[in-house]
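Morning, everyone. Please bring up the model on your screens, and we'll walk through the cysteines and then the DNA.

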Protein chains: 2
Amino acid sequence: MIELRHLRSLQAIEREGSLARAAETLHLTQSALSHQIKALERYYGTPLYLRSTRPLALTAAGMRLLTLAGEVLPAVDAADAALRRVADGRAGRLHIAIECHACFDWLLPVLDRYRQDWPDVEIDIRPGFGFDAVPALARGDLDLVISSDPRAGRELVFEPLFDYEARLVLADGHPLARREFIEPADLREETLITYPIERSRLDVFAKFLQPAGVEPRAIRQVELTAIILLLVATRKGVAVLPDWVLAASSQGGFITRPLGPGGMRGTLHAAIRRSDGEAAWMQAFIADCRAKAAPA
Amino acid sequence: MIELRHLRSLQAIEREGSLARAAETLHLTQSALSHQIKALERYYGTPLYLRSTRPLALTAAGMRLLTLAGEVLPAVDAADAALRRVADGRAGRLHIAIECHACFDWLLPVLDRYRQDWPDVEIDIRPGFGFDAVPALARGDLDLVISSDPRAGRELVFEPLFDYEARLVLADGHPLARREFIEPADLREETLITYPIERSRLDVFAKFLQPAGVEPRAIRQVELTAIILLLVATRKGVAVLPDWVLAASSQGGFITRPLGPGGMRGTLHAAIRRSDGEAAWMQAFIADCRAKAAPA
DNA sequence: TCAAAAATATGAATAAAACTCATGATAGAG
DNA sequence: CTCTATCATGAGTTTTATTCATATTTTTGA
């Protein structure tokens with residue numbers, strides 16, 4: 001069966017004009033090339049070179065193979081170079097899912113900067129994984145999941161990125177603004193504005209209201225962070241958002257208060273496969289996440 | 001170094017969904033495939049499959065190679081099929097040169113018929129070889145030369161095609177028409193119409209006039225056979241043409257006479273490389289030439 | 001035309017590789 | 001948690017590729 005080695009030999013013979021010189025550039029002996037071609041000719045049952053001429057002249061069959069070499073070898077070499085970039089950490093695939101909805105706010109700027117430094121990394125944000133993101137990571141459908149509850153395993157690593165505090169956001173002059181901190185019962189008469197995801201995935205419910213058996217007066221779901229802040233400022237309700245959202249926002253007209261006496265805190269993690277952990281492109285990305293909105 | 005074998009394995013694994021099944025279709029063992037992939041991974045220094053999943057899932061690097069396989073293998077298989085056609089005599093290259101100018105008249109119809117039966121033979125008529133056609137045949141620049149003087153060698157074979165007689169063509173009622181045959185001196189007062197090639201390559205001169213030291217009154221060179229016949233019929237001169245030209249012509253107004261008492265005869269040959277002599281496409285072509293203008 | 005030079009071919013021996021066999025390890029299903 | 005399907009591993013074997021030494025062929029230049 002023909003192999004790439006044969007195509008490389010044919011190209012070298014054409015380039016160098018003789019078996020002997022081609023053999024040199026291929027780091028082979030003239031004999032090796034002669035045997036190689038003879039084997040090809042035996043395999044196909046037709047001569048590739050006219051032997052009555054010196055140097056050898058290609059037959060039509062030989063030319064067909066030389067053409068094939070020209071078609072095929074550049075593609076092979078390109079793939080080869082690409083894999084080499086993967087091997088030394090310059091290239092990789094970074095398909096991200098985010099479990100935390102508000103993370104778009106810091107992630108997009110980070111990605112923007114990152115992709116300039118790592119042009120060979122194929123970046124994507126994949127929606128629609130929901131709570132299945134971590135299994136999808138193990139399966140190889142994803143490469144990184146932004147998550148706030150680490151469940152490391154043999155195959156997966158959870159790299160801590162940064163701590164955050166979820167705080168209640170309310171309009172300037174709201175009655176609750178006089179409190180030092182917020183208790184669950186305080187929200188009984190409030191309209192709570194949240195991202196449009198199921199309650200079980202919202203920490204306010206899971207960790208704050210539900211344990212106390214409190215239900216807010218109403219819930220309103222809004223997609224965009226900026227709109228949530230606008231609604232809060234115009235006294236349409238209150239919201240619970242991580243502190244980075246508020247630090248990064250240029251909007252005004254609201255203040256924040258801790259949830260509970262100690263505040264509701266957490267740590268954001270990047271879940272990755274252990275096998276990707278050493279790669280330069282991955283380490284750089286995690287470093288960029290930690291630096292977050294650092295000056296460009 | 002990566003080889004086509006590896007690309008075929010990757011494709012089979014993708015197709016079959018597991019090493020074991022892929023191994024079957026490749027007529028290998030599962031172990032062989034496992035070793036093969038491990039070798040590739042060692043070579044590139046990066047995993048091609050995630051091992052923590054069953055069946056194996058491709059990594060980004062693995063996908064790059066699978067893509068390469070898709071690009072490259074169809075081209076390889078196409079070339080392979082083409083060479084197989086060459087090997088069993090269905091395909092070949094037929095680059096023809098003709099030493100005899102009038103041969104166009106029977107060759108073109110023959111080629112027309114031939115190429116319908118042998119679509120995989122690459123046909124061309126290569127002008128500009130002149131007397132160097134036979135060496136060019138040995139060098140592999142040509143594959144067949146129509147020639148009237150056989151000089152066979154170790155490398156070359158001259159296949160006889162058919163006999164012909166070169167006859168003097170003259171207008172009906174021309175004074176020379178009363179002769180049984182023509183002698184050199186008869187042309188002393190005639191205008192001789194020839195193809196536009198050097199005198200040494202025209203048999204009338206080389207074999208008939210020159211030996212007798214006779215020079216015609218004038219020479220006129222004309223490219224096309226039909227025009228030559230027209231000029232003869234309209235008494236602008238006489239010409240020497242092989243008999244097949246006259247047999248095939250539908251024009252009238254002229255008669256022919258032998259040159260010398262026995263006529264000037266020759267045999268047309270097809271010069272080919274001995275290595276092409278066995279090929280089915282070549283034998284068929286020579287047979288077609290011998291049959292000449294046989295009914296289609 | 002002949003010998004020297006250059007290029008390729010050949011066969012045996014060696015080196016390298018690819019593959020198989022037998023078995024061990026692991027993941028996923030029930 | 002066991003069972004089954006799947007993949008990995010290492011030693012041994014077979015196959016393939018390459019080298020070495022030398023023969024053959026073609027080309028070149030007197």
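Let's start with B:Cys289. This residue counts as buried, because its relative accessibility is 0%. Buried means under 20% relative accessible area, exposed means over 50%, and partly exposed is in between, with a 1.4 Å probe and protein chains only.

Before going on, some ground rules. This is a predicted model, where local features need pLDDT of at least 70, side-chain atom pairs count only at pLDDT 80 or more, and totals for chains, interfaces and linings use all residues. Residues are numbered from 1 along each chain as its sequence is written, chains are lettered from A and ligands numbered from 1 in the order in which they are written, and side-chain values use heavy atoms, with hydrogens and water left out.

Back to B:Cys289. Why is there no bond from its sulfur to B:Cys103? The sulfur in B:Cys103 is the closest cysteine sulfur, but at 9.4 Å it is too far for a bond. Chain A has its own Cys289. A:Cys289 is buried, with a relative accessible area of 0%. Its closest cysteine sulfur, in A:Cys103, is 9.4 Å away, too far for a bond.

Now the disulfides. A disulfide is a pair of cysteine sulfur atoms within 2.5 Å. How many does the structure hold over all chains? Two. In chain A, A:Cys100 pairs with A:Cys103, and the sulfur atoms are 1.9 Å apart. The torsion about that S-S bond is about 105 degrees, so the disulfide is right-handed. A:Cys100 is buried at 15% relative accessibility. A:Cys103 is buried at 0%.

Over to chain B. B:Cys100 and B:Cys103 are joined, with 1.9 Å between their sulfur atoms. The torsion is about 105 degrees here, so this disulfide is right-handed. B:Cys100 is buried, at 16%. B:Cys103 is buried, at 0%.

Next, the DNA. A residue is near a strand if one of its heavy atoms lies within 4 Å of it. Take DNA strand D. It has 26 residues around it, and the closest are A:Thr29, A:Ser31, B:Leu19, B:His35 and B:Arg51. Of the strand D atoms within 4 Å of the protein, 66% belong to sugar and phosphate.

Which helix gives the largest share of that surface? It is α3(B), with five residues. Helices here are DSSP runs (H or I, at least four residues), as are strands (E, at least two), numbered from the N terminus.

Look at single contacts. A polar contact is a pair of N or O atoms within 3.5 Å; within protein, one must be able to donate a hydrogen and the other to accept it, and residues adjacent in sequence count only if both atoms are side-chain atoms. A:Ser31 puts a polar side-chain atom 2.6 Å from a base nitrogen of strand D. A:Arg5 has one 3.3 Å from a phosphate oxygen of strand D.

Finally, DNA strand C. There are 24 residues around it, and among the nearest are A:Arg51 and B:Thr29. Sugar and phosphate make up 63% of the strand C atoms within 4 Å of the protein. Here α3(A) gives the largest share of the surface, five residues. A:Ser31 turns up again, with a polar side-chain atom 2.9 Å from a base oxygen of strand C. A:His35 also has a polar side-chain atom 2.9 Å from a base oxygen of strand C. At A:Leu19, a polar backbone atom is 2.9 Å from a phosphate oxygen of strand C.
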